[in-house]
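Colleague: I've got a model open on my screen and I'd like to learn how to read it. Could you walk me through it, feature by feature?

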Amino acid sequence: MNTPTASCTVLVVDPCRETQAQILGHMQDRGFSVITASDPSTALATIELTAPDIVLTDSFLPEGSGLTLTKTLRSRHVPCPVIVMAAHQSEQAVIHALRAGAVDFLQKPIGVEELAHALGGQLHLYQLLDLAEREAQVLERQDAVQARQLFDGIVTIAGVTVNPD
């Protein structure tokens, strides 16, 4: 796996401080910046303040669930991938997580390599999507400039004066 950039921030949402500390230690060693929250309301406030690159949430949280948090983020159009984790990985749990908008589902306890692979893969995918979006914006601006130049050329040839409102 490629080492992430120092600007890659992962929000870990888990009520268990021990799980938070384990993930924090493992991911900081791999170059990720890690912040934590214990419940959905704290997670939402943290997301508003920090705009993390990836959210890693437990499926079972006080005051709600990781799936509800995932749905809330999707409904608010928060542009970061959400990975759901749980101690029990039934096929139905995975389906529910993916339908809620999660990009991956990990079974706890999560192995260091498995977590690094999941985070790295999602980071890479979203970096590519961001690059594609920026390239599309550049092309749109170039098209607008070319359209304006074409319009100006036609106006010049026609000898028409156009009010630049």
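Modeller: Sure, we'll go through the sheet, a helix, some backbone oddities and a pocket. Keep in mind that this is a predicted model.

Colleague: Let's begin with the sheet. How many strands form it, and in what order?

Modeller: The general idea is that strands of a sheet pair through backbone hydrogen bonds, either parallel or antiparallel. Here five strands form an open sheet, and the order across it is 2-1-3-6-7, with parallel pairing.

Colleague: Which strands stand at the edges?

Modeller: Those are strand 2 (33-37) and strand 7 (104-107). Each has a single partner strand, so one side of each is left without a neighbour in the sheet. As for twist, neighbouring strands are turned by 20° against each other on average, ignoring direction.

Colleague: Can we walk across the pairings? Tell me where to click.

Modeller: Start with strand 1 and strand 3, which pair in the parallel sense over four bridges. Click on Leu11 and look for Val55 in strand 3, its bridge partner. Moving on, strand 3 and strand 6 also pair in the parallel sense over four bridges, and there the bridge partner of Asp58 is Met85 in strand 6. Then comes strand 6 (residues 82-86) with strand 7, parallel over four bridges. Ala86 stands opposite Gln107 of strand 7 in that pairing.

Colleague: Back to strand 3 for a second. How many of its residues are buried?

Modeller: For burial, look at relative accessible area: under 20% counts as buried. In strand 3, five of its five residues are buried, so I'd call the strand mostly covered by that cut-off. Now look at which way the residues point. Ile54, Leu56 and Asp58 point one way, Val55 and Thr57 point the other way, and all are buried.

Colleague: What packs on this sheet, and which strands does it touch?

Modeller: That's helix 5, which touches strand 1 (9-13), strand 3 (54-58), strand 6 and strand 7. The direction of helix 5 makes about 170° with that of strand 7.

Colleague: Give me a residue in helix 5 that I can use to see the packing.

Modeller: Try Ala118, which lies in helix 5. Leaving aside residues up to four places away in sequence, Ala118 touches Ile83, Asp104 and Leu106.

Colleague: Is Ala118 buried or exposed?

Modeller: Ala118 counts as buried, because its relative accessibility is 6%. For contrast, click on Leu125, another residue that lies in helix 5. Leu125 has a relative accessible area of 38%, so this one is partly exposed.

Colleague: And how far is Leu125 from Pro109, in sequence and in space?

Modeller: They're 16 residues apart in sequence and 25 Å apart in space, going C-alpha to C-alpha. You can do the pair Ala118 and Pro79 as well: 39 residues apart in sequence, 17 Å apart in space, again C-alpha to C-alpha.

Colleague: You mentioned backbone oddities. What should I look at around Pro109?

Modeller: Look at omega, the torsion of the peptide bond. From Lys108 to Pro109 the bond is cis, with omega near -5°. You'll find Pro109 in the loop between strand 7 and helix 5.

Colleague: Which residues have a positive phi although they aren't glycine?

Modeller: Two to look at are Ala51, with phi of about 45°, and Glu63, with phi of about 65°. Ala51 is in the loop between helix 2 (40-50) and strand 3, and Glu63 is in the loop between strand 4 (60-61) and strand 5 (64-65). Ala51 is exposed at a relative accessible area of 54%, and Glu63 is exposed at 63%.

Colleague: Last one: what lines the second largest pocket?

Modeller: With a pocket, ask about its volume, then its lining, then the chemistry. The second largest pocket has a volume of about 170 Å³. Its lining is Thr19, Gln22, Ile23, His26, Met85, Lys108, Pro109, Ile110, Gly111, Val112 and Leu115. Helix 1 (17-29) and helix 5 (112-158) are the elements that give two or more residues to that lining, and helix 1 gives the most, with four.

Colleague: And how does the lining divide by chemistry?

Modeller: The lining divides into six nonpolar residues, four polar and one charged. Notice that Pro109, at the cis peptide bond, is one of the lining residues.

Methods
Residues are numbered from 1 along each chain as its sequence is written. This is a predicted model: local features need pLDDT of at least 70, side-chain atom pairs count only at pLDDT 80 or more; totals for chains, interfaces and linings use all residues. Side-chain values use heavy atoms; hydrogens and water are left out. On a 1 Å grid over the protein atoms alone, a cavity is a set of points where a 1.4 Å probe fits but cannot get out, and a pocket is an open set with protein on both sides within 12 Å along at least five of seven lines; lining residues have an atom within 4 Å of a point. Grid points are joined across faces, edges and corners, and a volume is the space filled by probe spheres set on the points. Ala, Val, Leu, Ile, Met, Phe, Trp, Tyr, Cys and Pro count as nonpolar, Asp, Glu, Lys and Arg as charged, and the others, Gly among them, as polar. Two strands pair if DSSP finds at least two bridges between them. Axes are lines fitted to C-alpha atoms, for helices over the stretch in contact, and angles run from 0 to 180 degrees between N-to-C directions. Contact means heavy atoms within 4.5 Å. Buried means under 20% relative accessible area, exposed over 50%, partly exposed in between (1.4 Å probe, protein chains only).
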